[in-house]
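Hi there,

Here is the structure I promised to pass along, with my notes underneath. Have a look at it first, then read on whenever you have a moment.

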Amino acid sequence: MTTTAEHGPGGATDNSSAYGRAFAHFYDRIFPKDPYAALSAQVLAGWHPGGGALEFGVGTGRIAIPLANLAGPVTGVDSSPEMLALLRAAVSERGVPVTGVHGDIRTYTDERRYGLVYCVCATLSILLTPEQQRAAIARAAERLAPGGTLVVETHNPAYVHALHEGRRSTSWFTPYPEPDTGLQTYSTLVPGSSLWQAQHLWHEPSGTRVGSEISRLTTPEETDGYAAAAGLVPAGRQADWLGGPFREDSPLCISRYVHDDRGTGGADHDDRQHG
């Protein structure tokens, strides 16, 4: 059986319904609830000053569920009803304090302030213009309590370009432990833009499912600018959830910002690692 959709994981785009219908069936295989997800939640819990957490792009709860076990209630926003249905089923089964909310991360608001707001798995990059990305970071910052922390994980554009080795298109295959199972990706850089198209083929013995997504390669400097415009100050940067230093060739970039209520300009917070 083959299924096709266009969208990206857990964010806010015009194709969220199509994405949910197709990707929901194999999302947890591509982004498993594995020990690395548990480690991500553990790191986030260490940055969480308390007072509830808010996730932009919660998906099926890969991070929200273990984080709720460690640090208390999590509110998760997602644009896909299908993904939220899977989240709610998982929450009901595990009995954890996670609440899924159908919404758009560019415009989301509620009446609460949170100690931690996070947007991981390159969800920010699913928004295809700087204006949309800036709006999402502004909404996240508005929901932060004084002293709260915002965490944003994106792809590193330099790494993606290096994968292409000067070519417009390339492909790769990621095998999984089960026999005849793996993820095949066809990657295309859109000329004259920061857009990146990827078509994923999930292969398993029962058949193949296909999902296409388009995202905007977002630089760390752009994320810093969005955060600064929202009144946040930098608190750290790393390459992965193991705490590795961010370098030019790092695949991912995890940036951390704080809602600084002391008027210090963030000097005491800035421990960014540069390679």
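What is the order of the 7 strands in the open sheet? Before the reply, please keep in mind that this is a predicted model. The strands run E3-E2-E1-E4-E5-E11-E10, and their pairing is mixed. E3 and E10 stand at the edges with a single partner strand each, so one side of each is left without a neighbour in the sheet. From one strand to the next, the twist averages 20°.

Within that sheet, strand E5 (residues 144-155) and E11 run antiparallel and are joined by 7 bridges. If you want a place to start looking, valine 152 has serine 255 in E11 as its bridge partner. Helix H6 (residues 130-142) packs on the sheet, where it touches E1, E4 and E5. The direction of H6 makes about 150° with that of E5.

Next, helix H4, which covers residues 64-71. Its buried residues are Ala64, Ile65, Pro66, Leu67 and Ala68. What do they pack against? The list holds two helices, H3 (35-47) and H5 (81-94), along with the strands E1 (53-56), E2 (74-78), E3 (98-102) and E4 (114-119). After H4 comes glycine 72, with a positive phi near 95°.

Some of these names come back in the nonpolar cores. The largest core has 25 residues, and the members that touch the most others are Leu44, Leu67, Val74, Val98, Tyr118, Val151 and Trp241. H3, H4, H5 and E4 are the elements that give two or more residues to this core, and H3 gives the most, with 5 residues. Valine 98 is a good residue to click on: leaving aside neighbours within four places in sequence, it is in contact with Ala64, Ile65, Ala68, Val74, Leu87 and Val91. There is also a second, separate core of 21 residues, with Leu124, Ala140, Leu150 and Tyr226 among them.

Helix H3 also holds serine 40. Is that serine 40 buried or exposed? Serine 40 is buried, since its relative accessible area is 2%. Apart from neighbours within four places in sequence, serine 40 is in contact with Ile63 and Trp241.

Finally, the aromatic rings. A search of the whole structure finds 4 aromatic pairs. One of them is formed by tyrosine 27 and phenylalanine 31, a tilted pair at 5.1 Å centre to centre with 40° between the planes. Tyrosine 27 is buried at a relative accessible area of 6%, whereas phenylalanine 31 counts as partly exposed at 24%.

Another tilted pair is made by tryptophan 47 and tryptophan 241, with 6.1 Å centre to centre and 40° between the planes. Why does this pair tie together parts that are 194 residues apart in sequence? Because tryptophan 47 lies in helix H3, while tryptophan 241 is in the loop between strand E10 (233-238) and strand E11 (252-258). Both rings belong to residues that count as buried: tryptophan 47 has 17% relative accessibility, and tryptophan 241 has 4%.

Happy browsing, and write back with any questions!

Best wishes

Note on methods
Residues are numbered from 1 along each chain as its sequence is written. This is a predicted model: local features need pLDDT of at least 70, side-chain atom pairs count only at pLDDT 80 or more; totals for chains, interfaces and linings use all residues. Side-chain values use heavy atoms; hydrogens and water are left out. Buried means under 20% relative accessible area, exposed over 50%, partly exposed in between (1.4 Å probe, protein chains only). Helices (H or I, at least four residues) and strands (E, at least two) are DSSP runs, numbered from the N terminus. Contact means heavy atoms within 4.5 Å. A nonpolar core is a set of buried Ala, Val, Leu, Ile, Met, Phe, Trp, Tyr and Cys residues joined through side-chain atoms within 4.5 Å. Rings of Phe, Tyr and Trp (its six-membered ring) pair if their centres lie within 6.5 Å; planes under 30 degrees apart count as stacked, over 60 as edge-to-face and the rest as tilted. Two strands pair if DSSP finds at least two bridges between them. Axes are lines fitted to C-alpha atoms, for helices over the stretch in contact, and angles run from 0 to 180 degrees between N-to-C directions.
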